[in-house]
Amino acid sequence: MSKEKIKEREKEIIKMVSEYCDDELNEEYKNLAIALVEKMGRKHEVPFKRGKLEIWASAIIYALGQINFLFDKSFEPHKTADDICNYFNTKKSTVSQKAKVIRDMFNMYHGDEEFSTEKCRDSFSGFGKDPNGFIFKGEDMFENTQTLQLISDIITESSNSFFSTDTLMDLDEFKHLGLNSITATLDDYEHIINEYKKIKGKEYFEENKGFFWGLAETRPFMRTLDEYATRLWDAGKKEKAVETFKYMLDLNPDDNQGIRYPLVNYLINLNKYGDALELINEFRYEESAIWYYSLLLIAIKQDLDDDDFIQELFEAAYNTNPYIVDYIISKKEIYEVPPFYSPGDESEAEMYMVISEGNWNDKKAIKTLKKLMEKSGYLN
């Protein structure tokens, strides 16, 4: 695309965000939105040279809103994500994904100097990070240290090996524990999670809901919830595990932790196909082998009377990762998730088989899969 064309798109997006801010927000948001569009336009690879302008305009307002508490009812001005998307006639899941791209591109965060409103900057003025990665306000350092020590004491009482307490609390991890070495009980997890909620308070969770991973101080808590949900599932408390994962998605809809992948398999395992489809729909923008194979399995299990549709689902799934089919049919044993994987690679197939919770261990599903392979010419 020529520079002239890109400049035309930039001007059109500026016009769109300006009109929105004039109609729905204020001059300060308008200036921030224009500055953000112009900064995007100066990138070597201009992000908005492709895609619908309405989506980019929505995402720019959305990203600014996320770091300036626009979605918080106690702040003025206040708008919801739906308000923004309805104005531009865009889909929230798509806009949310684009907003994340924008925030990551410019490292946008609450209180940053460049894209925060004056009110938000004032709210975060004087904040810093202690050696353990905690965000604190200067005059509250002593109180913050007490909070850290309190959590450290709770953990120590719960289990001598639950966390390392050689330092004040190594809270940058909170800690993302290896499941093989955990000695803490589910009660220990519940105790520390509830104590953290008490310390932070209900208002803190309400204010930051939807952008929880964006605050460094909440990440240890989110990792702990992830571990807790996994432990619940392994202990047979499956409904509570699903409830915990859904709670995590409420706190962080962008799902930086990738908990949507085990969650969709948990839901299929519990025959909650409607919930699984809703989850896939929320993240339908991603080309994931997990999504395609999950859709295929749901279609098979629900006895959909549309052979052509199921065949199309199979083709889509197979094209994203053919190795998965081989693993399902041969029932090859895999005992742990590979340390990393690449989309379409055998490592992804191994990862999928570990987190799929044996959902394909179904005679009917495997029989149907073989028929689909034979029809496509993949099975001799």
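## Cysteines

Cysteine 85 is buried, with a relative accessible area of 3%. Cysteine 21 also counts as buried, at 1% relative accessibility. Both values fall under the 20% limit for burial. The structure, a predicted model, holds zero disulfides. A disulfide would be a covalent bond between the sulfur atoms of two cysteines. No pair of cysteine sulfur atoms lies within 2.5 Å here.

## Confidence

The protein chain averages a pLDDT of 80. Of its residues, 80% score at least 70. One stretch stands apart for its scores: over residues 126-182, pLDDT stays under 50. For this stretch the model has 96 contacts beyond four places in sequence. Those contacts come from a segment with pLDDT under 50 and should be read with that score in view.

## Overall make-up

The protein chain has 18 helices and two strands. It counts 380 residues, and buried residues make up 48% of them. The exposed surface comes to about 19,400 Å². Carbon and sulfur atoms supply 46% of that area.

Consider the contacts between residues at least 6 apart in sequence. Of these, 63% join residues at least 24 apart.

## Helix α2

Helix α2 covers residues 27-41, 15 residues in total. From its first C-alpha to its last it reaches 21 Å. That is close to the 21 Å expected at 1.5 Å a residue. At the start of α2, asparagine 26 makes a polar contact: one of its side-chain oxygens reaches to within 3.2 Å of the backbone nitrogen of glutamate 28.

Which residues of α2 are buried? They are Tyr29, Lys30, Leu32, Ala33, Ile34, Leu36, Val37 and Met40. The list includes a lysine, Lys30. An α-helix has 3.6 residues a turn, so residues three or four places apart point the same way. Such spacing can be followed through the buried set, for example in Tyr29, Ala33, Leu36 and Met40. What covers the buried residues of α2 includes three other helices: α1 (3-24), α3 (53-67) and α5 (92-105).

## Asparagine 208

Asparagine 208 is found in helix α9, which runs over residues 202-208. Is this residue buried or exposed? Asparagine 208 counts as buried, because its relative accessibility is 4%. Its side chain has a polar partner in the backbone: it reaches the backbone oxygen of tyrosine 204 at 2.9 Å.

Key. Residues are numbered from 1 along each chain as its sequence is written. Side-chain values use heavy atoms; hydrogens and water are left out. Buried means under 20% relative accessible area, exposed over 50%, partly exposed in between (1.4 Å probe, protein chains only). pLDDT is the predictor's confidence in each residue, from 0 to 100. Contact means heavy atoms within 4.5 Å. Helices (H or I, at least four residues) and strands (E, at least two) are DSSP runs, numbered from the N terminus. Accessible areas come from the Shrake-Rupley method with a 1.4 Å probe; for residues, only the protein chains shown count as cover. A polar contact is a pair of N or O atoms within 3.5 Å; within protein, one must be able to donate a hydrogen and the other to accept it, and residues adjacent in sequence count only if both atoms are side-chain atoms. The expected span of a helix is 1.5 Å times one less than its number of residues.
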